[in-house]
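Work through the exercises below with the sequence and the model side by side. Try each task before you read its solution.

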Amino acid sequence: MEFAARLVYLRKQKGFSQQALADAVGIHVSQIKRYEGGATQPQLDALKKIAIALGVSADALLFDDGERGLDEVFRLQLDVISHLDEDEQRIIREVIDGMLFKYQARRWSAPPIPQAKRPSRSPAK
């Protein structure tokens with residue numbers, strides 16, 4: 001879904017009219033209409049204000065679900081981890097670091113993947 005369609009969807013989901021969103025963001029309603037029509041896209045400061053007004057992250061305005069960010073499972077796990085004490089968080093970081101190190105070592109020690117054979121070029125006759 002493109003930014004314009006995502007903006008319309010989120011605005012309607014929150015129950016805002018174009019005018020109400022424009023008022024909340026502090027811009028003219030014609031600018032909201034241009035954003036939703038796909039004629040233009042907001043600058044960073046306007047994008048931030050739109051996200052705040054709609055109560056969503058800027059990522060929600062810019063990316064489809066799963067297009068960017070963590071898997072929902074990881075997101076939930078990280079939320080739980082953030083509530084653990086510092087020692088438990090340190091242990092989890094060490095385990096993750098160890099797994100990533102192991103993965104990198106395996107990648108670097110693997111034999112190189114052969115390149116596809118290219119057809120030989122014979123001289124033009």
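**Before you start**

Among contacts in the protein (heavy atoms within 4.5 Å) between residues at least 6 apart in sequence, 51% join residues at least 24 apart. This is a predicted model, where local features need pLDDT of at least 70, side-chain atom pairs count only at pLDDT 80 or more, and totals for chains, interfaces and linings use all residues. Residues are numbered from 1 along each chain as its sequence is written, and side-chain values use heavy atoms, with hydrogens and water left out.

**Exercise 1. Describe the overall make-up.**

Step 1. Count the elements: there are seven helices and zero strands. Both are DSSP runs numbered from the N terminus, helices being H or I with at least four residues and strands E with at least two.

Step 2. Find the share that is buried (under 20% relative accessible area, 1.4 Å probe, protein chains only). Of the 125 residues in the protein, 18% are buried.

**Exercise 2. Find the buried face of α1.**

Step 1. List the buried residues of α1: Phe3, Ala4, Arg6, Leu7, Leu10 and Arg11.

Step 2. Look down the axis. The buried residues of α1 fall within an arc of 160 degrees, so they line one face of the helix. The arc is taken from the directions from the helix axis to the C-beta atoms.

Step 3. Name the partners. These buried residues pack against α2, α3, α4 and α5 (58-62).

Step 4. Look past the helix end. Gly15 follows α1 and has a positive phi, near 80 degrees.

**Exercise 3. Place Arg6.**

Step 1. Arg6 sits in helix α1.

Step 2. Arg6 counts as buried because its relative accessibility is 6%.

Step 3. Check its side chain. A polar atom there lies 2.7 Å from the backbone oxygen of Leu61.

**Exercise 4. Do the same for α2.**

Step 1. Helix α2 spans residues 18-25, and its buried residues are Leu21, Ala22 and Val25.

Step 2. Their arc around the axis is only 100 degrees, which puts them on the same side of α2.

Step 3. Their cover includes α1 (3-13), α3 (29-37) and α4 (44-54).

Step 4. Gly26 follows α2, with a positive phi near 90 degrees.

**Exercise 5. Analyse how α2 meets α4.**

Step 1. The axes of α2 and α4 come within 9 Å and cross at roughly 115 degrees. Axes are lines fitted to C-alpha atoms over the stretch in contact, with angles from 0 to 180 degrees between N-to-C directions.

Step 2. Leu21, Ala24 and Val25 of α2 make the contact with Ala46, Lys49, Ile50, Ala53 and Leu54 of α4.

Conventions. Buried means under 20% relative accessible area, exposed over 50%, partly exposed in between (1.4 Å probe, protein chains only). A polar contact is a pair of N or O atoms within 3.5 Å; within protein, one must be able to donate a hydrogen and the other to accept it, and residues adjacent in sequence count only if both atoms are side-chain atoms.
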